[in-house]
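Got your viewer open? Load the model, keep the selection box handy, and follow along stop by stop.

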Amino acid sequence: MSVSLTSAAGSSAGTAIDPKPIQENGQREVFCGLTSIVWLHRRMPDAFFLVVGSRTCAHLIQSAAGVMIFAEPRFGTAILGERDLAGLADANEELDRVVQELLARRPEIRTLFLVGSCPSEVIKLDLAKAAERLNRQHRGHVQVVSYSGSGIETAFTQGEDNALTALVPLLPSSAEKQLLLVGTLADGVEDRFLTLFERLGIDPVSSLPPRRSTELPSVGPATQVLLCQPFLGTTARALKARGAQLLSSPYPLGVEGSCRWFERAAEAFGIDPAHTRSVLDPLAERGRAAVAPHRRVLEGKKLFLLPDSQMELALGRFLQRECGMELVEIGTPYLDRQLQAEELALLPAGTQLSEGQHLEKQLERVRAAKPDLVVCGMGLANPLEAEGIATKWSIELVFSPIHGCDQAGDLAELFARPLRRRQALNFASSQPGNL
Ligand code: SF4
């Protein structure tokens, strides 16, 4: 085993529906959960993510985070060599040695995440036990936790869900009434949210993951959990098992979703609805004004969301209700009806949903529907663009600050941009003398 440290561098009212999604099970085109390390390591600069995997895993994580070449290396790969994979070497001993060397070289690391991969799962390397052993060896210096980021999961965002689930047993207990925001937000967005909660009169508010991995929030029966992202079902259930209460809400994407999200928190804390409206209304007005120029581009355009990030329902709801797009199909890697209940209720009756993926069949439906815009994984974007279909990478939506009323205009712009680009390309190619 060797270690490779990578420089990380609408307005129309929705109708409650009980959609019967198309169930698909076939070839998938998605990133694995290792990808989530890219945003998790930015969130917790005192943590280190050690992937226990192959050279392929190292290449993936290096490529995914390659844009951050000036950052401190806060993740790496303990590469399982042929001897490890063939069972000729004791992978646990090798892992202990790699961790020892890493911690000696990087004493500032406070939390070490051992991240499982397809190869480590194939050779049945028990990273939970390894974390226990390493915790005993390095007690007082670093806490070691493990989770899986392997491609056996169906959505790359499950990497964050698994990482946060691994932290839940470490959260201290508390009986205090508090709001816990769950899911990684951009720091600037989180700062604005904290200011808004303060103005609403909600206190205290903490976040999982925290900005420093050692400053874990507490949890208990009076903790009200508000999910920032729709892909954190396992974490939500682990927090409920610690007694916390899960607030049901649409996700804070777009003006409508963001206002409802804040309203749910305000209701849970007994805030006067008139005060809530006085805080949120000016923001909503500003957000709608920011969306308006992009709505002119998006309105009436046909949208097809392929399953990738697990954010598809919330995005489809925003683009249909606030930007006037026509939903052809919303694909999702898996449909968590509990976590998506409020999003489902806001979709128009008859919205076609699909769960899982059968790539060929989905592409056939895309070609037949001739949508104006397809939201998809990076691997599908270029082939679809070559067929004349505008695309938007769904992974970009996980890396971008898109939450909240203040970001609604930017969120709409992310979808309007490829349509404007496609219009410009079509215009240029229609001009005499141009190809
Ligand atoms: S975890 Fe699996 S899918 Fe992800 S890069 Fe490694 S081998 Fe590939």
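Two strands count as paired here if DSSP finds at least two bridges between them. With that in hand, select strand S3 (residues 47–53) and S5 together: six bridges join them, and the two run parallel. One of the places to zoom in on is Phe 48, which stands opposite Leu 112 in S5. Another is Val 51, whose bridge partner in S5 is Val 115.

Before going further, colour by confidence, since this is a predicted model. The mean pLDDT of the protein is 91, and 93% of its residues reach 70 or more. Now pick out residues 6–15, where the pLDDT is below 50; beyond near neighbours in sequence, this stretch has 35 contacts in the model. Where pLDDT is low, the predicted coordinates should not be read in detail.

**Stop 1: around S3 and S5**

Go back to S3 and show its side chains. How many of the residues of S3 are buried? Seven of its seven, so to speak a mostly covered strand. Both faces are covered: on one side you'll find Ala 47, Phe 49, Val 51 and Gly 53, on the other Phe 48, Leu 50 and Val 52, and all are buried. In a regular strand the side chains alternate between the two faces of the sheet.

Next, add strand S4 (residues 75–79), which pairs with S3 in the parallel sense over five bridges. Click Gly 53 and look across to S4: its bridge partner there is Ile 79.

Now centre on S5 (residues 111–116), another mostly covered strand, with six of its six residues buried. Thr 111, Phe 113 and Val 115 point one way, Leu 112, Leu 114 and Gly 116 point the other way, and all are buried. Add strand S6 (residues 143–148) as well; S5 and S6 pair in the parallel sense over six bridges. To check the register, click Thr 111 and find Gln 143, its bridge partner in S6.

**Stop 2: the ligand**

Which residues should you select around the ligand? Take Cys 32, Leu 34, Gly 53, Ser 54, Thr 56, Cys 57, Leu 60, Ser 117, Cys 118, Ser 150 and Gly 151. Helix H2 (residues 55–64) gives the most to this shell, with three residues. Colour the shell by class and you get five nonpolar, six polar and no charged residues.

**Stop 3: the four-stranded sheet**

Move on to an open sheet of four strands, in the order S8-S7-S9-S10, with parallel pairing. Its edge strands are strand S8 (205–208) and strand S10 (245–246), each pairing on one side only. In between, select strand S7 (residues 178–182) and strand S9 (residues 223–227), which run parallel and are joined by five bridges. Leu 181 is a handy marker, with Leu 226 as its bridge partner in S9. Then show helix H10 (residues 254–268): it lies across S7 and S9, running at about 175° to S9.

While you're here, click Phe 197, which sits in helix H8 (residues 187–200). Is Phe 197 buried or exposed? Buried, because 22 other C-beta atoms lie within 10 Å, and 20 or more is the cut-off for that label. Leaving out residues up to four places away in sequence, Phe 197 touches Leu 179, Ile 202, Val 205 and Ala 265. For a distance check, draw a line from Phe 197 to Gly 140: they are 57 residues apart in sequence and 35 Å apart in space, C-alpha to C-alpha.

**Stop 4: the six-stranded sheet**

Last one. Select the six strands that form an open sheet in the order S2-S13-S12-S11-S14-S15, with parallel pairing. The edges are strand S2 (22–25) and strand S15 (390–393), each of which pairs on one side only. Look along the sheet for its twist, which averages 20° from one strand to the next.

Zoom in on strand S14 (residues 373–376), which runs parallel to S15 and is joined to it by four bridges. Cys 376 stands opposite Trp 393 in S15.

Finally, bring back two helices. Helix H12 (residues 312–321) lies across strand S11 (302–305), strand S12 (326–332) and S14, running at about 170° to S12. Helix H17 (residues 408–430) lies across S14 and S15, at about 150° to S15.

Terms used:
Residues numbered from 1 in each chain as written. Predicted model: local features only at pLDDT ≥ 70, side-chain atom pairs only at ≥ 80, totals over all residues. Axes fitted to C-alpha atoms, helices over the stretch in contact; angles between N-to-C directions. Contact = placed C-beta atoms within 7 Å. Buried ≥ 20, exposed ≤ 12 C-beta atoms within 10 Å, placed from the backbone. Near = placed C-beta within 6 Å. Nonpolar A, V, L, I, M, F, W, Y, C, P; charged D, E, K, R; others polar. pLDDT = per-residue confidence, 0-100.
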